[in-house]
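Trainee: I have a model open and want to learn how to read it. Can we go feature by feature?

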Amino acid sequence: MMTGEEYRASLDDGRETFFEGKQVDDLPNHPILGITVESAAQGYDRFYEPGSDAVGAFMKVPGSAAELREQVELHETVDLLTHVTYASIMTLLTAADRIEAQLPDNARRIRDYVRDVQSRDLRITQCITDAKGDRSRPPGKQDDPDAYVRVVERRDDGVVIRGAKLHISAASMGHELMTIPTKSMKPGEDDYAVACMIPVNAPGVKIVNTTYAPRHEDKRDFPISGSHHTPEGFVIFDDVFVPNERLFLDGPPEFAAVFAHSLGLWERLGGLASMASSYDRLVGFAQLIAEANGLERTGHIKEKISEMMINATLIRASLEAAIDNCSITSDGAAFPNELYTNVGKYHGAANWSAMVRHLHDIAGGSILTAPGMADLENAKTGHLIRKYMGTMQEVDGVYRTRLFHAIRDMTADALGGWNAVTNIQAGGGLYAQRIVSRMHYDIDKAKRMALESAHMEEYLAEA
Ligand SMILES: Cc1cc2nc3c(=O)[nH]c(=O)nc-3n(C[C@H](O)[C@H](O)[C@H](O)COP(=O)(O)OP(=O)(O)OC[C@H]3O[C@@H](n4cnc5c(N)ncnc54)[C@H](O)[C@@H]3O)c2cc1C
């Protein structure tokens with residue numbers, strides 16, 4: 001396994017990565033992107049074990065509901081790059097399982113690759129979302145045929161791919177880009193049914209980074225995002241060669257969706273787990289600021305917090321149900337329940353704005369206007385800000401100001417905007433979660449129950 005130091009050094013591999021118009025040649029020491037490298041390096045040190053066959057505890061494939069729960073809890077404490085590496089490995093193994101019968105050679109390549117990447121302790125990011133061009137048209141009918149990643153040349157030893165994958169979390173900080181189709185493909189779209197692994201430093205790969213990281217000098221005003229952020233990468237494949245052993249699918253199109261569906265499950269479970277924690281944090285901030293404002297016993301405030309608690313508990317209940325109702329595959333791996341995972345993730349995403357609305361309503365305008373930490377230290381203003389930001393004997397102005405900073409950071413500033421959009425879009429968007437929920441809901445049982453309750457049993461066979 002690699003140490004944090006070895007990981008930092010491994011990023012000096014000729015990768016072409018950009019930020020705000022400039023190429024970044026030294027990622028670990030970059031003032032903004034280096035923060036994420038540092039979190040990932042700490043992840044390496046945390047899981048480091050000596051020995052040539054050591055595999056990080058975060059990589060463990062769960063074999064039961066209890067082990068799945070342990071993994072979910074562990075992943076709540078790791079950096080995003082470590083988490084997406086695990087989700088990618090699980091995706092690849094899930095896909096291998098699903099294509100094994102029809103494409104045994106492809107399944108073998110996947111398993112060989114997983115063993116190799118685990119032994120080299122590399123980090124993987126997930127490249128699924130294509131540029132997509134005109135959303136109403138399929139890949140093969142776009143004005144620009146590169147709107148979806150595709151094979152542009154086939155050689156004896158591999159293929160050349162072209163296209164772009166957008167919004168890829170931590171793409172510049174990993175070593176390998178797991179590149180898979182974003183959707184199902186139709187007959188004739190064989191060139192778009194491509195799944196492969198591409199090293200970040202492969203010739204032709206270019207990554208443009210964006211991030212919500214605050215640029216303000218005093219990071220104390222951004223208590224959450226100031227010390228940790230994950231950039232997204234706009235990943236361009238400008239004619240990239242992929243050798244055969246890294247090619248997991250090159251047509252037939254009917255297998256394209258297997259990869260995206262395999263990923264969706266692990267991605268949404270991660271999303272659901274992190275949402276369950278975020279929902280509890282929103283409830284916590286609502287209660288803390290209500291107490292600091294002296295309103296925790298006021299009727300309408302209590303009602304709003306009760307509603308937030310109910311939402312938070314429903315999200316956690318669906319996470320628990322997804323774990324408890326997991327299924328075990330033929331090779332002994334525990335998979336979260338699809339219905340509970342998707343329904344929970346959907347409900348959390350759809351209600352995030354209602355949770356934030358209650359918090360903003362409860363907290364007041366100082367979410368946006370509380371003076372900075374440096375103002376509290378200024379000899380002329382500090383004691384006056386403390387005086388007027390304080391609300392009672394037990395509620396000191398510094399404490400209340402810091403609460404407002406945390407609420408603004410999480411819900412009303414750059415990270416807040418990122419949270420609002422990401423909760424809805426990440427993991428495929430609300431629409432995708434609705435489709436999967438529909439697919440797994442037992443609609444026949446629901447129809448049967450309706451007919452029985454109406455004493456219309458004679459129509460049961462038709463239902
Ligand atoms: C912060 C962040 C991190 C992300 N991380 C990753 C990552 O690591 N890897 C990755 O691959 N992706 C990632 N994503 C991408 C995410 O999965 C997509 O944003 C999401 O799938 C929506 O795709 P889109 O952004 O292209 O929007 P669009 O597909 O344009 O969707 C916009 C709206 O149009 C609707 N729509 C689109 N096409 C159709 C159609 N044909 N018919 C009807 N309605 C349609 C959608 O349902 C949606 O309501 C991330 C996104 C964000 C915001």
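Mentor: Start with the ligand. This is a predicted model, where local features need pLDDT of at least 70, side-chain atom pairs count only at pLDDT 80 or more, and totals for chains, interfaces and linings use all residues. Residues are numbered from 1 along each chain as its sequence is written, and side-chain values use heavy atoms, with hydrogens and water left out.

Trainee: Which of the 15 residues around the ligand come nearest?

Mentor: A residue is near a molecule or strand if one of its heavy atoms lies within 4 Å of it. Here the nearest of the 15 are Gln 126, Thr 129, Lys 132, Arg 135 and His 167.

Trainee: Which atom of the ligand lies 2.7 Å from a polar side-chain atom of Thr 129?

Mentor: First, the term. A polar contact is a pair of N or O atoms within 3.5 Å; within protein, one must be able to donate a hydrogen and the other to accept it, and residues adjacent in sequence count only if both atoms are side-chain atoms. For Thr 129, the partner is a nitrogen atom of the ligand. Lys 132 has a polar side-chain atom 2.8 Å from a ligand oxygen atom. Arg 135 has a side-chain N or O atom 2.8 Å from an oxygen atom of the ligand.

Trainee: Now the helices. How are two packed helices described?

Mentor: By the angle between their axes and the distance between the axes. Axes are lines fitted to C-alpha atoms, for helices over the stretch in contact, and angles run from 0 to 180 degrees between N-to-C directions. Helices (H or I, at least four residues) and strands (E, at least two) are DSSP runs, numbered from the N terminus. Take α4 (residues 80-99) and α6 (residues 256-293): their angle is about 140°, and their axes are 8 Å apart. That makes α4 oblique to α6. Angles under 35 degrees count as roughly parallel, over 145 as roughly antiparallel, 65 to 115 as roughly perpendicular and the rest as oblique.

Trainee: Is the crossing of α4 and α6 left-handed or right-handed?

Mentor: A crossing is left-handed if the near helix is turned anticlockwise from the far one by less than a right angle, and right-handed if clockwise. For α4 and α6 it is right-handed. Contact means heavy atoms within 4.5 Å. Among the residues in this contact are Tyr 86 and Met 90 of α4, and Phe 259 and Trp 266 of α6.

Trainee: At what angle do α7 and α8 pack?

Mentor: Helix α7 (residues 299-324) meets α8 at about 160°, with the axes 9 Å apart. That makes α7 roughly antiparallel to α8. The crossing is left-handed. Ile 305 and Met 308 of α7 are among the residues that meet α8.

Trainee: Which sign does phi mostly have, and which form do most peptide bonds take?

Mentor: Most residues other than glycine have a negative phi, and most peptide bonds are trans. Asp 239 has a positive phi, near 60°. Look for Asp 239 in strand β9 (residues 232-243). A cis peptide bond joins Gly 251 and Pro 252, with omega about -15°. Pro 252 sits in the loop between β10 (247-250) and α6.
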